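Colleague: I have a few short questions about this protein. Can you put it up?

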Amino acid sequence: MTAVYIILGILLFFFLLSLLRIGVRADFAGDLADTRVTVIAGPARIQMLPKPDKPEKPQKPKKEKKKKTPQEESTKGKEKKKLSLPAVWASLKGGLRKTRQRLLIDPLELSAVLPGAMDPAGAAELYGYINAGMWTVMPQLEQLTRIPDPGLHVEVDFDSEQLRLTGRLGVSLQIRDLFAIGWAFAKPVIRWLLAMRKRQSAAEKAKAAQNAAK
């Protein structure tokens, strides 16, 4: 009977642990170097950025990398294949649905000023992409998560050469929801890795057969 109580106690502990709310909060002050990042775990607050200064360690001599032949470089380029962003977003939405709006995005107050002095046309194009993305993604996020008071603003400064980001962003969720979202996000990544491994294996077999025929 004692063993049963121990097992029930362990199960209760992990259940309560899965309900613990964790998250992260970032405060932006214009320059990205001044960003303050805090990790939240229940009542605990741990500052991650800016980190305290540490004494510099002596650098180890770097090993020279073996130069690849042009044939290897060309093969490497063919093996690369980008992940499908729509597939990742679809899987992520599936994970967010399982959280039943327990994921909280609060505060959400961000203002971005894009630099346009060096490339006005590129900055204007990026501005259009960001606005299109916001109007596409935000309505879906508001359905899948809790965002009490969202505030987003983007503009272009054609006299500036640096990105300026100000505001606050906080995201928190329960540990059980983190596993659900992580698994949903991992699905397309795992498929991509398996497909890439399959292509690499086929390329190695073809190369071995070509060498054997010589």
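Modeller: What follows covers the overall fold and then one pocket. This is a predicted model, where local features need pLDDT of at least 70, side-chain atom pairs count only at pLDDT 80 or more, and totals for chains, interfaces and linings use all residues. Residues are numbered from 1 along each chain as its sequence is written, and side-chain values use heavy atoms, with hydrogens and water left out.

Colleague: How many helices and strands in the protein?

Modeller: Five helices and five strands, in the order α-β-β-α-α-β-α-β-β-α along the sequence. These are DSSP runs numbered from the N terminus, helices being H or I with at least four residues and strands E with at least two.

Colleague: What share of the residues is buried?

Modeller: Buried residues are 22% of the 214, with buried meaning under 20% relative accessible area (1.4 Å probe, protein chains only).

Colleague: Now the second largest pocket. What is its volume?

Modeller: About 260 Å³, taken as the space filled by probe spheres set on grid points joined across faces, edges and corners. A pocket is an open set of points on a 1 Å grid over the protein atoms alone, where a 1.4 Å probe fits, with protein on both sides within 12 Å along at least five of seven lines; lining residues have an atom within 4 Å of a point.

Colleague: Which element gives the most to that lining?

Modeller: Helix 3, with three residues. Helix 3 (85–98), strand 5 (164–174) and helix 5 (175–213) each supply at least two. The lining includes W89, T145 and L173.

Note on methods
Buried means under 20% relative accessible area, exposed over 50%, partly exposed in between (1.4 Å probe, protein chains only).
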